[in-house]
Amino acid sequence: MKNLLYFSVLFLLISSCSVTKKPIFVKVDDVKIVAITSDTIRLKAAVFFENPNGVGGTISSDEIQIIANGAAIASVFLAEFKVPAKATFSVPLTAVIPTRKIFQKNKNGILGGLINSFLNKSIKVRFKGNLKYKVFGFSNTYPIDKVQEIKL
């Protein structure tokens, strides 16, 4: 009888938490240049989510690339982010772009396109990749594909 009581209490606790719902991807926004130095350009962006679950989890990045004028120039850094329970939250994405990759001439002619972008004082940047959400063995993937023009 005691085991049945423990099992039923445990079952009620597990079933009352909505763990199987995944957080809702809202948008990628606030893409901006944080710092420009002679050897690097630092970008920052925020990915907004809404978590309807009564429990949190973790979000990590899965090879999010930064593409400028058709060429991949950097990867996004994201430390494993703890998701708050029943909250709206944003995940910060940061990237360090080496300027040597921007000005390196390759078969796609990226140099000419980027020089044109600098003359126009803006550049189109694309974030492309996946974010992974994990909680209690459940896993969901969110595709990220955001293009934004950044003023220099």
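Colleague: In which helix of the protein chain is confidence lowest?

Modeller: First, this is a predicted model, where local features need pLDDT of at least 70, side-chain atom pairs count only at pLDDT 80 or more, and totals for chains, interfaces and linings use all residues. Residues are numbered from 1 along each chain as its sequence is written, and side-chain values use heavy atoms, with hydrogens and water left out. The chain averages a pLDDT (the predictor's confidence in each residue, from 0 to 100) of 77, and 72% of the residues score at least 70. Confidence is highest in strand E5 (residues 81-83), at 90, while the lowest mean, 56, belongs to residues 110-119, helix H3.

Colleague: Which pattern does the protein chain follow when read along the sequence?

Modeller: Helices (H or I, at least four residues) and strands (E, at least two) are DSSP runs, numbered from the N terminus. The chain holds 3 helices and 8 strands. Along the sequence they give the pattern α-β-β-β-β-β-β-α-α-β-β.

Colleague: What percentage of the residues in the protein chain is buried?

Modeller: Relative accessible area decides: buried is under 20%, exposed over 50%, and partly exposed in between (1.4 Å probe, protein chains only). Of the 152 residues in the chain, the buried share is 33%.

Colleague: Which strand gives the largest share of the largest nonpolar core?

Modeller: This core (buried Ala, Val, Leu, Ile, Met, Phe, Trp, Tyr and Cys residues joined through side-chain atoms within 4.5 Å) has 31 residues, and those with the most contacts inside it are Leu43, Val47, Phe49, Ile59, Ile66, Phe127 and Leu131. At least two core residues come from each of E1 (24-36), E2 (40-51), E3 (57-68), E4 (71-77), E6 (87-98), E7 (122-135) and E8 (138-151). The largest share, 6 residues, is supplied by E7.

Colleague: And which residues does Ile59 touch, not counting those up to four places away in sequence?

Modeller: Ile59 is among the core residues with the most contacts inside it; contact here means heavy atoms within 4.5 Å. Its partners are Phe49, Leu78, Ala79, Glu80, Phe81, Val83, Phe89, Val91, Leu131, Lys132 and Tyr133.

Colleague: Among contacts between residues at least 6 apart in sequence, what percentage joins residues at least 24 apart?

Modeller: Ile59 offers an example of such reach, as it touches Leu131, Lys132 and Tyr133, among others. Over the protein chain, the share of these contacts that join residues at least 24 apart is 64%.

Colleague: Which residue forms a salt bridge with Lys27?

Modeller: The structure holds 3 salt bridges (a side-chain nitrogen of Lys or Arg within 4 Å of a carboxyl oxygen of Asp or Glu). Lys27 is partly exposed, at 38% relative accessibility. Its closest N and O atoms across the bridge are 3.5 Å apart, and its partner is Asp29.

Colleague: Which residues do salt bridges that share partners join into one network?

Modeller: Asp145, partly exposed at 46% relative accessibility, meets Arg126 at 2.7 Å, N to O. Asp145 also meets Lys128, at 3.7 Å; this pair links strand E8 with strand E7, 17 residues apart. Through the shared partner, the network consists of Arg126, Lys128 and Asp145.
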